[in-house]
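Work through the two exercises below with the sequence and the model side by side, and try each task before reading its solution.

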Amino acid sequence: MRDIGKNIKDLRVARNMKQDQLAEKLFVTRQTVSNYENGKSRPDIDTIIKLSEVLDCDVDNILYGTAKTNNSEKIKFAVGCALSLAVIIIILYLEPKAMKIKSMHYISSFVFFGALTLTPLKYLILGWTAMQLGIIAFKIKITRFKWRKYLKYSLIAFVVFYFVIILWYWMPYVADDMQYIIQISQSQFNVSHTYPQVSVPAPIEWLHNKIAYCMLYNTGDLRIPVFLSFGALMRLCGFAEGKNSINTEKHN
């Protein structure tokens with residue numbers, strides 16, 4: 001943070017902007033901008049936020065410089081890759097076991113539950129990670145449009161709603177079948193098992209049936225384009241951008 005003045009100057013010069021032009025956009029004098037850049041004075045938090053808007057950058061760029069922000073973006077990309085890989089490994093490990101259980105005991109709850117949760121989660125993370133890679137590789141500048149925050153929250157709400165419906169419907173079946181599998185593993189005798197009669201609220205069952213039909217049976221597997229797009233849009237809307245970027249949105 002000691003080089004805020006230098007960071008402001010570097011960002012201004014990179015955008016081919018003169019001190020008086022920047023001063024006009026900040027509604028201050030040219031001397032004030034000069035004092036910022038020379039380290040004679042420091043901008044307050046409101047001015048820093050305004051600077052990030054005028055210079056089309058994150059607050060991190062002003063406080064720490066571009067190198068710090070670039071490293072942060074690369075770390076986020078690495079985390080996204082790690083999460084994607086972890087989910088893929090989990091799917092590769094669990095899917096054969098679920099199919100084996102289905103063929104041996106005629107239990108399909110594990111297969112459907114995984115198809116409607118783990119697979120969408122994988123593409124959601126992959127979409128976010130792919131967009132993050134594009135931001136780093138092509139140095140994409142994300143514009144903070146007026147409804148960006150509300151779009152982000154709407155996307156998050158949709159994703160949470162989707163998983164809540166799926167979990168609400170399938171968890172009782174999965175729990176019952178899991179108990180059955182445990183009983184089999186602990187006994188040398190056959191254990192009788194009937195598929196559980198789970199009662200869920202009618203709206204939940206109706207929503208689940210509509211979601212499952214669209215995701216698995218309707219016009220092909222929609223999980224790939226839907227959740228890839230949602231993951232990418234969530235990144236463009238600022239999901240997991242970091243504390244400073246969120247603060248910037250709050251003051252827009």
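A residue is called buried when its relative accessible area is under 20%, exposed when that area is over 50%, and partly exposed in between, using a 1.4 Å probe and protein chains only. The model is predicted, so local features need pLDDT of at least 70 and side-chain atom pairs count only at pLDDT 80 or more, while totals for chains, interfaces and linings use all residues. Residues are numbered from 1 along each chain as its sequence is written, and side-chain values use heavy atoms, leaving out hydrogens and water.

**Exercise 1.** Decide whether Ser34 is buried or exposed, and find what the buried residues of its helix pack against.

*Solution.* Begin by placing Ser34 in helix 3, residues 30-38, where a helix is a DSSP run of H or I with at least four residues, numbered from the N terminus. Ser34 is buried, because its relative accessibility is 10%. Next, list the buried residues of helix 3, which are Val33, Ser34, Asn35, Tyr36 and Glu37. These buried residues pack against helix 1 (4-14), helix 2 (19-26) and helix 4 (45-54), with contact meaning heavy atoms within 4.5 Å. Finally, look just past the end of helix 3, where Gly39 takes a positive phi of about 85°.

**Exercise 2.** Which residues does His208 touch, leaving aside those up to four places away in sequence?

*Solution.* First locate His208 in helix 9, which covers residues 202-217. His208 counts as buried because its relative accessible area is 4%. Then collect its contacts beyond four places in sequence, which are Leu116, Ile165, Ile166, Tyr169 and Trp170.

Terms used. Helix = DSSP H or I, 4+ residues; strand = E, 2+ residues; numbered from the N terminus.
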